[in-house]
Every structure is written in C-alpha cells, then in structure tokens.
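Visitor: Please take a close look at one part of this model: the cysteines, and then the aromatic rings.

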Protein chains: 2
Amino acid sequence: MRWLSERELRTWQGFLTAATVLTRLVEQQLKEEAGLSHPQYEVLVRLSAAPDGELRMTELAEVAVTSKSGLTYQVGQLEKAGLVRRKSCPSDVRGVVAALTDEGWRKLREVAPGHAELVRRHFVDGLSERQFAALSDGVDALAARLAPQEP
Amino acid sequence: MRWLSERELRTWQGFLTAATVLTRLVEQQLKEEAGLSHPQYEVLVRLSAAPDGELRMTELAEVAVTSKSGLTYQVGQLEKAGLVRRKSCPSDVRGVVAALTDEGWRKLREVAPGHAELVRRHFVDGLSERQFAALSDGVDALAARLAPQEP
DNA sequence: ACCCACTTGTTCAAATTCGAACCAACGGCT
DNA sequence: AGCCGTTGGTTCGAATTTGAACAAGTGGGT
C-alpha cells in the first residue's frame, strides 16, 4: 500500500478547496444577480447545450451530476419560475423531458455574460497560458478516467 | 467583455465535474467504511494537522472551508461520536477549541489508508507524471489567487 | 401473448447546509 | 472606568440534498 506523498496530498486538497471556493463564488453571484442557485444554472446550461434545448430527466441528471430526486426538485423550482417546462416523452410514456422555455432562454442570455466574466476573473486569468493548457489537459485526463466508472 | 472560448468553457466545466464526482466517490467510501461524511473527515484531518490536534472553531472553519454554523453542526456530530472534544479557550472566554480525542486519532489512522488508496486510484494514477506536476502547479496558482480574497 | 428483470420519475423522511439574528465578550480609545 | 464597533460561537428557520421505497411502464426471451 503506497502512501500519498506530501505533494500529492497538497495537490489533492488544493484541488478540492479550489473547487469549493470557486463554487461558492459562483453561487453567490448567481444568487444575487439572477436569483438562481448554481445547480439551477447548471440545469439551464445543460439544457441549452442540448438539441432543441430539451433533455430527458435521466440524461439531464447525468450531465448535471445530481441524483434523480435532486433533479426532480430543481426542475420543479425552475418550472415554478417559468424557465423550464415539462413535456411528456413521445417515445416512452414514463418519460419526461425538461425543455427550456423562451423565458429560460432569455434568462440564460441575461445571466451568462456575468457568469463568464466571473469564471474568467477567478479561474482562467489566475493561470498563465501554459498553466491553463496543462490544467485543461489534466482535467481531460481525469474526466476520461472518471466517466466510465460503472460498466 | 470577452467571452469564454470553447476550450475554456470545457475546462471549467470539466474541473467542476471532476471535483463533484471525486467528492462523491470519497463520500461513499468514507460513509460505508467508517460512517463518516466527507466534511467530518475533513475536520478530523485538519485537526490532526494542527499542533496538539486542536484548533479554534473559527480557524477550523477557515481551513475546512465551511460556514461557521456548518462547523458547529459537524463538530457537534463528531463530539457525539466521541472523536472530538470541545474545550474552552484559555486566552478568550468566548473561544472554543475543538480537539481530537484518542478515539479520534485512532479512527483517523484507521480510515486514512483506505482514503489515500482511493485518492491515488481515482486522482493521482489517472494522470501521467507530467500531467500531475502541471495540475499541481495550476492548483497552486489558483490557491494563491483565491486565498487573498477579502482584505 | 406472457413473464420478469430492469428502467423512469416521483415521493417521502432524514440529514445537512446556509445565512441572519443573537448574545456575550473583547479591546482600543477616550 | 466606560463606550462601542468588532469578533466568536450558537441557534433558529428555510432551503436543499440524498437514498430508499414506490408505482408504472418497457422490452427481450420464451
């Protein structure tokens, strides 16, 4: 059993800490600027990236990395806010697809610039060209490793 | 106002996703292997890294990146479990210091190896030497940027 | 056509999170 | 000594998260 080196431990902790702090910053900004939580924003973004701005609940839960029940809740909130609409799925009676409403698209266009600005300021600009490229590379490697977890 | 490039966005999302997934894995393992939540484990680790295995509540909240009230709750839980003990602070009547108990040390020694193993498998080993070094570098840069936030 | 194991999405209770309000207590200043 | 703006920690309520249990539906093999 190999132990973690000093450096490995520091990197691991730093990685999680950075993610936590960044998430917190995003959370605050979204809340005060648009009344959205980060998970909610995430849902909107993922929907906007999908064809026709709609996705089945399960798929949405996957890309947004939440539990099914968590998603049910958030979509409920978003629906109350008029940003998302539930439709039944044509190919599967049980299925539910969440779809961005016009309001949803509008809101997203309104919020995105401020969000991008914050990401740039606290994440992208904090790194040199080289550092960013390297981190990008590392994240890709992690993603590849983490995605195929269960088969 | 500069937009985020395709690659910047992917990196950002990948970064958060990786952190979320990793946290989830850690959470699961700790829960089933030791009945601890990740925040709780974090508290134990931070205490163990402090002189005498004790820290004032506020300092602990800082290093563990939680809200004060969140920490109050978790320390409460840990105290119930007998892993941590509250002592009053000699230099400040209001102060409270959380201290690892012998039980706490024991538990930590018991859990740490498995945790290290998991971190190694899903984080460290997922990256080449070079990738790891680069990511480590990037994380350091982020930490430096994020820490001095409020002065 | 019928099973039966798996999938879908929701509901439920329990645990956790956060921020705001709060009460002391501190400590520099006069 | 007395004031007063700040700090330390807890408490409170509201919002959110999770996994387990559930009802309904699907679909391949027989």
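Guide: At 10% relative accessibility, A:Cys89 counts as buried (under 20% relative accessible area; exposed is over 50%, partly exposed in between; 1.4 Å probe, protein chains only). B:Cys89 is buried too, at 10%. Over all chains there are zero disulfides, a disulfide being a pair of cysteine sulfur atoms within 2.5 Å.

This is a predicted model: local features need pLDDT of at least 70, side-chain atom pairs count only at pLDDT 80 or more, and totals for chains, interfaces and linings use all residues. Residues are numbered from 1 along each chain as its sequence is written, chains are lettered from A in the order in which they are written, and side-chain values use heavy atoms, with hydrogens and water left out.

Now the rings. Over all chains there are seven aromatic pairs (rings of Phe, Tyr and Trp, its six-membered ring, with centres within 6.5 Å; planes under 30 degrees apart are stacked, over 60 edge-to-face, the rest tilted). One of them joins A:Phe15 and B:Phe123: tilted, 5.2 Å centre to centre, 50 degrees between the planes. This pair crosses between chains, from helix 1 (residues 6–34) of chain A to helix 5 (residues 102–124) of chain B, where helices are DSSP runs (H or I, at least four residues) numbered from the N terminus. A:Phe15 and B:Phe123 are both buried. Ring pairs link a cluster that includes A:Trp12, A:Phe132, B:Trp12 and B:Phe132.

Finally, the chains. Chain B superposes on chain A by a rotation of 180 degrees with 0.0 Å of shift along its axis, RMSD 0.0 Å (least squares on C-alpha atoms of residues with pLDDT of at least 70 in both). That is the relation of a two-fold axis.

Methods. Helix = DSSP H or I, 4+ residues; strand = E, 2+ residues; numbered from the N terminus.
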